[in-house]
Amino acid sequence: MSEHEHIAGGAPTTSGGAVTNEPSSLRDEGRRRVLQALYESGACRRADLIRLTALSRSTVSSVVAELAANGIVEEHPAPSPAGGLRDLGRPAVVVSIVPDAGYAVGVDIGHEHVRVAVCGLDGNAVAESESRREVDLAPQETLDLAADQVTHALTEHNIDPGAVIGLGLGIAAPVTTGSGRIEASGIMPGWVGVNPVDEMHVRTGLNVRVINDADAGALGEHTYGAARGVDDLLYVRLSAGIGAAVIAGRRPLRGSAGLAGELGHVHAVENGPICRCGNRGCLETVASPVAIAHLLSQSRHRPVTSQELMQLVDDGDPGARRAVEDAATHVGLAIAAAVNLLNPQLVVIGGDLAQAGELLLQPVRTAIRRAVLPATAAQVTVVCGQLGEHAEVLGAASLALADMPRRLNSRARMGGLAGRSV
């Protein structure tokens with residue numbers, strides 16, 4: 001996953017040791033370790049925190065007390081185990097991060113939409129909104145719209161911007177590692193030279209990270225959806241653009257410049273249509289909802305939109321269903337090549353075309369079965385995502401949430417929350 005951040009303030013120090021009556025850098029490290037353990041593992045007993053952080057019992061107790069005093073963590077009874085019975089004696093107590101101790105904002109900019117979600121620190125969305133618009137030639141207007149949606153969501157839910165730890169921005173174009181530059185030529189032509197990180201920071205005042213939309217979708221499904229707990233997966237987004245993202249060993253596979261996963265621009269059809277990237281016969285030219293709708297428009301001698309395409313599929317229209325099945329075969333062959341190379345445990349298909357469900361999945365599975373080594377094909381499962389159209393925006397928000405331990409540690413260092421809900 002390629003990402004880039006507008007950083008306000010310095011990075012935390014990384015020394016180890018006890019927290020109480022120790023230099024600031026050691027107190028920082030103790031808080032950071034506890035917050036990181038709670039972020040990665042969820043609610044924990046103090047004994048678990050000692051094991052996960054390698055800190056002493058007294059240090060963990062001191063850090064938990066400090067964070068609780070600042071409203072960042074809380075202690076509460078552990079849920080009853082399966083069966084509803086609990087051991088006699090003192091009730092088990094766990095420590096967890098307070099969900100409204102801060103918020104993360106996710107923004108998903110596709111070719112035809114802008115979505116915004118505001119999430120608590122538990123990852124649950126407290127506000128969501130969507131606007132439809134043509135994005136590719138209108139970067140400034142699109143970023144204005146996204147910033148307005150963010151401001152409206154925070155205002156409507158009485159959230160102080162000071163309580164927002166960051167904004168994750170997913171965008172439907174390749175994003176270069178380090179610079180955050182959008183490789184938009186031919187894909188989002190109006191965005192050439194635009195730096196969305198700086199632009200959104202200026203508009204919102206928030207710390208911003210940018211990521212490709214397919215990478216955001218993979219992160220969303222891996223964190224909250226169909227790929228939770230999966231170490232090796234391929235996420236494929238089938239929308240106005242087609243993209244893919246790889247997570248290997250629970251880590252994103254970025255490529256040398258952060259541009260890995262451009263499945264939509266692999267060769268699919270010999271002497272096929274010219275793609276907006278300048279090549280001919282790319283998968284995107286025959287298998288995106290836009291391409292399928294264009295094919296139906298030609299056969300019906302009237303315009304068919306991507307939204308109408310999915311309605312026709314739901315209504316059982318034979319032409320629409322056949323067009324989706326044919327497109328799914330092309331997608332399946334492209335995925336099969338990736339499966340042979342990467343050997344994922346799971347393939348998750350998201351984006352607009354995933355609404356077709358089994359009509360889409362069956363040709364994909366057939367192509368994998370026919371074109372992949374038998375042992376590899378037997379180990380891979382192909383499913384539609386669980387988050388639907390929310391995968392990318394929630395993944396973008398989780399990108400910001402990943403920085404929660406650092407941001408909350410800085411907040412605790414300054415003596416408490418810099419603005420809870422007002």
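For the residue classes used on this tour, Ala, Val, Leu, Ile, Met, Phe, Trp, Tyr, Cys and Pro count as nonpolar, Asp, Glu, Lys and Arg as charged, and the others, Gly among them, as polar. One more thing before you start clicking: this is a predicted model.

**Stop 1: the cavities**

Searching the whole structure turns up three cavities of 30 Å³ or more. Start with the largest, which holds about 130 Å³ of space. Select Ala172, Asp213, Gly241, Ile242 and Glu262: of the 18 lining residues, these are the closest to the cavity's centre. Now colour helix H6 (213–224) and strand S10 (242–248), the elements that each give two or more residues to that lining. S10 gives the most, with three residues. What is the lining like by class? It has seven nonpolar, six polar and five charged residues.

Next, go to the second largest cavity, with a volume of about 80 Å³. Its lining includes His111, Glu112, His113, Arg115 and Arg132, and also Arg237, Ser239 and Asp352. Keep Ala172, Asp213 and Gly241 selected, since they line this cavity too. By class, you'll find two nonpolar, four polar and six charged residues here.

**Stop 2: the nonpolar cores**

Hide the cavities and select Ile335, Ile349 and Ile368. Of the 42 residues in the largest nonpolar core, these touch the most other members. Helix H10 (318–342) is one of the elements that supply at least two residues of this core, and H10 gives the most, with 11 residues. Also among the suppliers are helix H8 (289–300), helix H9 (306–314) and helix H11 (358–371).

Zoom in on Ile368. Leaving out residues up to four places away in sequence, Ile368 touches Gly332, Ile335, Ala336, Ala377, Val380 and Val382. For the second, separate core, of 35 residues, pick Tyr103, Val116, Val197 and Val210, which are among its members.

**Stop 3: strand S12**

Finish on strand S12 (346–350), another supplier of the largest core. Why is S12 largely enclosed by the rest of the structure? Five of its five residues are buried, so the surroundings largely enclose it. Look at each face in turn: Leu346, Val348 and Gly350 are buried on one side, and Val347 and Ile349 are buried on the other.

Now bring up the neighbouring strands. S9 (233–238) pairs with S12 in the parallel sense over five bridges, and Tyr235 stands opposite Val348. S12 also pairs with strand S13 (residues 381–384), again in the parallel sense, over four bridges. Select Val348 once more: its bridge partner in S13 is Val383.

Definitions and conventions. Residues numbered from 1 in each chain as written. Predicted model: local features only at pLDDT ≥ 70, side-chain atom pairs only at ≥ 80, totals over all residues. Heavy atoms only, no water. 1 Å grid on protein atoms, 1.4 Å probe; cavity = no way out; pocket = protein on both sides within 12 Å on 5 of 7 lines; lining within 4 Å. Points joined across faces, edges and corners; volume = space filled by probe spheres on them. Core = buried A, V, L, I, M, F, W, Y, C linked by side-chain atoms within 4.5 Å. Buried < 20%, exposed > 50% of the residue type's maximum accessible area, 1.4 Å probe, protein only. Contact = heavy atoms within 4.5 Å. Pairing = 2+ DSSP bridges.
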